[in-house]
Amino acid sequence: MTVSESVVITGHLIDSGVLSRILDDISEYGGDYAINRFDVGKLSTDTSTAEITVSTDDDESLQRLLMRLQTRGVNQVDPGEAEVSVADRDGVFPDGFYSTTNLETRVRLRGTWLDVDNPEMDCGLIVEMDGDTPTRVYTLPMSDVRVGMHVVCGAAGIKVTPPVVDKESESFGFMESDVSSEKPQAVLVRQVADGMREAKAAGKKVLWVGGPGVVHTGAAPAMVAMVNADFVDVLFAGNALATHDIESSLFGTSLGVDLAAGHGVEHGHEHHIRALNTIRKEGSIKAAVESGTLTSGIMHALVTHEKQFVLVGSVRDDGPLPDVYTDVIEGQRAMRGQLKDVGFCLMVATMLHSVATGNILPASIPLVCVDINPATVTKLADRGSSQARGIVTDVGLFLEQLAQELVPGYRRA
């Protein structure tokens, strides 16, 4: 005996390959399907709609499958009402909890649809109650759930809405493929710059996620110029980017290599640890700026312009800098706290922080990842950030060109 549910999806199902991925998901989850209706758009700009009946051997498997399909933008034809259970342990969701996507989400409770605050993948849905009346639904990571919280369970009563893809637009949705390495870089840079300008014009913030390659490639001056021009509102990074940026400011080197001459210098291997010690002596990066110890570089510019940064460390770190979060859960919370009003995200030269940020960003936020390694720019999409677009190129050259596009009169000193 099997259980089944009818689901529907609308979008560019054929040319995007999403329909084939949906059918693959059904097979991988041990289910079966029957396509009841498939209305195919006639023009390349037209959307298609598919209605499919999916079936599994038991209800638990069906619920898991329905949650998986919602990551593709698939909804139940008749979603019904959401079910809610009460958490009975801190840090543990009830069995059968709804595992969230990063898509715009709505939940139906007692006949009313409520929008989910801060959509984020791989979380639970928490319902706030005023007596017996649901008033708010929001995502919450597992580590933060507490006894007594009302948690949505199962896939019933939930609808997701994928971002609209405008095939005729020349703005953010500029690439026909997820990763680009052979398209004219000047065009790609211009389109990224346009996305940043659009975000700022809409009153939104531009979030940067950076790795130490920004400094190693000599692109720090370009990034400083963009901070000064108000195109960097928030920076997510690790200990390394900040440390080597400060090393560059204090000693003119990055990992002991003279950035002007391109070769190692005597005792240069000590510079990063001496830079760390200098800032630790000051107490913080901001204190070092205020005392006049730190007078240039990316971190100096961020502090000077009162921009926000969140540095989250790893087991590899020397020092670390006093501003670095060494508790990763606290670091995640700090990152989430800076996502309000973000309208564009640019990730450069960092795989781990890019994936971490992609995991907490709503799918509605345009996201571009730039790296010389193709694996870095494809991993985001593999991990569920379907809105991610990748550019495979040298980060230093890319940031130089981006600064020239965004900052009138910018020229590398």
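Two residues are said to be in contact when heavy atoms of each lie within 4.5 Å. This report applies that idea, and several others, to a predicted model.

## Two buried residues and their contacts

Thr376 is placed in helix 12, which covers residues 374-382. The relative accessibility of Thr376 is 5%, and Thr376 therefore counts as buried, since the limit for that class is under 20%. When neighbours within four places in sequence are left aside, Thr376 is in contact with Thr350, Met351, Cys369 and Asp371.

Ser48 belongs to strand 3. Ser48 also has a relative accessibility of 5% and counts as buried. Apart from its neighbours within four places in sequence, Ser48 is in contact with Ile9, Thr10, Gly11, Leu13, Phe38, Asp39, Val40 and Gly41. A distance through space may be set beside a separation in sequence: Ser48 and Val127 are 79 residues apart in sequence, and their C-alpha atoms are 34 Å apart.

## Patches on the surface

Val40, one of the contacts of Ser48, also takes part in a surface patch. Together with Ile14, Tyr33, Ile35 and Phe38, Val40 makes a nonpolar patch of about 420 Å². Val40 is located in the loop between strand 2 (32-39) and strand 3 (48-56). With a relative accessibility of 45%, Val40 counts as partly exposed.

A patch of another kind is negative, and it is formed by Asp57, Asp58, Asp59, Glu60, Glu83, Asp88 and Asp95. Among them, Asp88 is found in the loop between strand 5 (83-86) and strand 6 (104-109). The relative accessible area of Asp88 is 62%, so Asp88 is exposed, the limit for that class being over 50%.

## Salt bridges

Side chains of opposite charge can pair when their charged atoms come close. How many salt bridges does a search of the whole structure find? The search finds 18. Three of these pairs are set out below.

| Acidic residue | Basic residue | Closest N to O distance |
|---|---|---|
| Glu128 | Arg136 | 3.1 Å |
| Asp233 | Lys307 | 3.3 Å |
| Glu330 | Arg333 | 2.6 Å |

In the first row, Glu128 is partly exposed at 32% relative accessibility, and Arg136 is partly exposed with a relative accessible area of 30%.

Which parts of the chain does the pair of Asp233 and Lys307 tie together? Asp233 lies in the loop between helix 5 (220-228) and strand 14 (234-237), while Lys307 lies in the loop between helix 9 (298-304) and strand 17 (308-311). The pair therefore ties together parts that are 74 residues apart in sequence. Both partners are buried: Asp233 has a relative accessible area of 9%, and Lys307 has one of 17%.

The pair in the last row lies within one helix. Glu330 and Arg333 are both in helix 10 (residues 328-336), where a separation of 3 residues is about one turn of the helix. Glu330 counts as partly exposed at 35% relative accessibility, and Arg333 is partly exposed with a relative accessible area of 30%. Elsewhere, salt bridges that share partners join Lys200, Asp230, Asp233 and Lys307 into one network.

## Details of the backbone

Asp230, a member of that network, has a further feature. Its phi is near 75°, a positive value in a residue other than glycine. Asp230 is situated in the loop between helix 5 and strand 14, and at 33% relative accessibility Asp230 counts as partly exposed.

Asp122 likewise is not a glycine and has a positive phi, of about 60°. Asp122 is part of the loop between strand 7 (112-117) and strand 8 (124-130). Is Asp122 buried or exposed? Its relative accessibility is 55%, and for that reason Asp122 counts as exposed.

A last detail concerns a peptide bond. The bond that joins Gly319 and Pro320 is cis, with omega about -15°. Pro320 is found in the loop between strand 17 and helix 10.

Note on methods. Residues are numbered from 1 along each chain as its sequence is written. This is a predicted model: local features need pLDDT of at least 70, side-chain atom pairs count only at pLDDT 80 or more; totals for chains, interfaces and linings use all residues. Side-chain values use heavy atoms; hydrogens and water are left out. Helices (H or I, at least four residues) and strands (E, at least two) are DSSP runs, numbered from the N terminus. Buried means under 20% relative accessible area, exposed over 50%, partly exposed in between (1.4 Å probe, protein chains only). Patches are made of residues with over 30% relative accessible area and no salt bridge: like charges are joined within 9 Å, nonpolar side chains (Val, Leu, Ile, Met, Phe, Trp, Tyr) within 5 Å. Accessible areas come from the Shrake-Rupley method with a 1.4 Å probe; for residues, only the protein chains shown count as cover. A salt bridge is a side-chain nitrogen of Lys or Arg within 4 Å of a carboxyl oxygen of Asp or Glu. Lys and Arg count as positive and Asp and Glu as negative; His and the chain ends are not counted. The place of a charge is taken as NZ of Lys, CZ of Arg, CG of Asp or CD of Glu.
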